[in-house]
Amino acid sequence: MSYIAKSPWVIHYDGSSCNGCDIEVLACLTPMYDVERFGIINTGNPKHADVFLVTGSVNEQNKEVVKQIYEQMPEPKVVVAVGICACSGGVFKQCYNILGGVDTVIPVDVYVPGCAARPEAIIDGVVKGLAVLQEKRDNMVKGIDAPAEEPEAAAEEEKTEEGGEN
Amino acid sequence: MAKRTVIPFGPQHPVLPEPVHLDLVVEDETVVEAIPSIGFIHRGLEKLVEKRDYSQMVYVIERICGICSFGHGWGAAAAVEGAMGVKIPERAEYLRTILHELSRLHSHLLWLGLLADAFGFESLFNHCWRVRETVLDILEKTTGGRVIFSICKVGGLNKDIDNETLKEIVETLEGIKEEIKELTDVFIEDDSVKNRMVGVGVLSKEDAEELCAVGPVARGSGVVQDMRLTNNHGVYGELDFEPVIETAGDCYARCKVRIGEVFQSIELIAKAVAKIPEGPVSVPVKGNVEGEYMLRLEQPRGEAFYYAKGANSKFLQRMRVRTPTNMNIPALVKTLQGCDLADVPILILTIDPCISCTER
Amino acid sequence: MSERVDVVQNFEAVEVSQLLTEVKDLKAEGYRFAQACATVVDDKIEIIYSFDKAHQLKNLRITVAQGEEVESITGDYWPAFIYENEMHDLFGVQFNHSALDYQGNFFKVAEPTPWNPKK
């Protein structure tokens, strides 16, 4: 396991959430759930972050902000959509100002359902995200070593290897 | 004259759990002007009245905010009940009052934690949230949800809380009172905390009235204003309720008001449990909504408006919610003028902003 | 012990042209501005202004026709700018002489004035 997977840093952005999922994300950091025992630290700086937690759905005004934070994060990175609103728009899907889930703007790796998502589910989602992060990192390392003309093949080979290990 | 610079603050900022954007005009380190811009969380959920009938609408309104969710559900349900002329059973009024005070308790503990975080006292933040988990456990045990409850409906409550459980709740709260006291003593007595709050962001009584501030912000400036003194909801009239008032108007006073309310909520819950009558918790509601009704509740953050208007249909014509932060933004803008740039986070926090409430 | 207040439901209809005079009277009587909200009734827009004094509410209701302009009350109650900008952005009501006009940039919505029946 690389150092990233041992101590991933997360950044949290509240899309247009009702706060329910946000306070549950914060609750994960506090003594009851304490994600720091997994080495996870909440940071405010996109450049420090490996995992992007987004709560709430995306609207006209914040889609640029979400995109910007995502683009500022260094590779490899993982996006975890927390709560049903971030997954699909949820109860607000039909509202006039809602574009939909986070995946309408940036690629999402892990979806955590729930209204509001429970802290256990959020931790589970982040841990699942870490496996994806590891995979992306391995691909990246291999991508650099592999011959430039066959990057896709290298990626596929990597996936089967991962599957074999599991 | 020092050079003026505009510093954008937010929407994504380490101190803000929610996105709000302020343009801070500063001269050296002093803020001269603050211009708020909002709309990052605007969903337009009030317009869902066209697609959801009045009973479904209660659950939508509840999701305006995950911190004051019970109050929103209550307000929406009670406004529709008022418009329809439905009288809910007394036990339901008692239970709603108890659940609302539990929400206030968890909201204020949450806020105390965030405040500690804002002035860099990490361990105090963690302790506040640790104690808050006890309240969340009670809410989860009685309603099934930690932050979104969906227990209020038009006509009463979805489920009863039996007397045994109610007694347990009072005992549990009595049990954590000591722990809360230990934490709040740090806020009130610790010098390093006081140095960061006393005299910071003073809002005079005149300004609070002029700027129409509500809730703990107004009460911290000596304005006697608490919607729990109105008689059309809950059972506060039978619980000898008196609002908590401080007069200094600074961050410290606003903090003391909320601390006072934490203990007051525990007392109110105990009194309500001692008096709660037996009986059903809901009445059947049939028919369409005709007429209008305006109701105000005291949310943890202050006065909230719920206005329901129906035109003889299952679908409401309008369901309007005016949340407390809306009314405290002018006071925030005023207190930010002339403050140090480094005090901005703590000033924003002491109005206890709820942006998802503000923008809906 | 503080006084308990039985809040009365009252909605007083006011002509659009009379709004500012009424508001000035309330201000002089020491009322606090509490909220303003718009409702679409048929193709007109109904605006309710609420004022509070010692926990008792007073509501003024005006009915605005499409295209009709309303005088801003921000001269007397500055905090009303939030509600006026909101109604401008969501309902398309035009307010004149506002003390703080965001020029339609208060809420950034996907479609302009989503509440207005005649977009």
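This note goes through a helix contact between two chains and a few backbone features of the predicted model.

1. In this predicted model, local features need pLDDT of at least 70, side-chain atom pairs count only at pLDDT 80 or more, and totals for chains, interfaces and linings use all residues. Residues are numbered from 1 along each chain as its sequence is written, chains are lettered from A and ligands numbered from 1 in the order in which they are written, and side-chain values use heavy atoms, with hydrogens and water left out.

2. Helix α10 of chain B (residues 324–336) and helix α2 of chain C (residues 81–91) have axes that come within 9 Å and cross at roughly 120 degrees. Because of this angle α10(B) is oblique to α2(C) (under 35 degrees is roughly parallel, over 145 roughly antiparallel, 65 to 115 roughly perpendicular, and the rest oblique).

3. From α10(B), Asn326(B), Met327(B), Ile329(B) and Pro330(B) meet Phe81(C), Ile82(C) and Tyr83(C) of α2(C), where contact means heavy atoms within 4.5 Å. The residues of this contact divide into six nonpolar, one polar and no charged.

4. Chain A has a cis peptide bond from Glu75(A) to Pro76(A), with omega near -10 degrees, and Pro76(A) lies in the loop between α3 (63–72) and β5 (78–82). The bond from Cys115(A) to Ala116(A) is likewise cis, with omega near -10 degrees, and Ala116(A) sits in the loop between β7 (110–112) and α5 (119–145).

5. Asp34(A), although not a glycine, has a positive phi of about 50 degrees; this residue is in the loop between α2 (20–29) and β2 (41–43) of chain A.

Note on methods. Axes are lines fitted to C-alpha atoms, for helices over the stretch in contact, and angles run from 0 to 180 degrees between N-to-C directions. Helices (H or I, at least four residues) and strands (E, at least two) are DSSP runs, numbered from the N terminus. Ala, Val, Leu, Ile, Met, Phe, Trp, Tyr, Cys and Pro count as nonpolar, Asp, Glu, Lys and Arg as charged, and the others, Gly among them, as polar.
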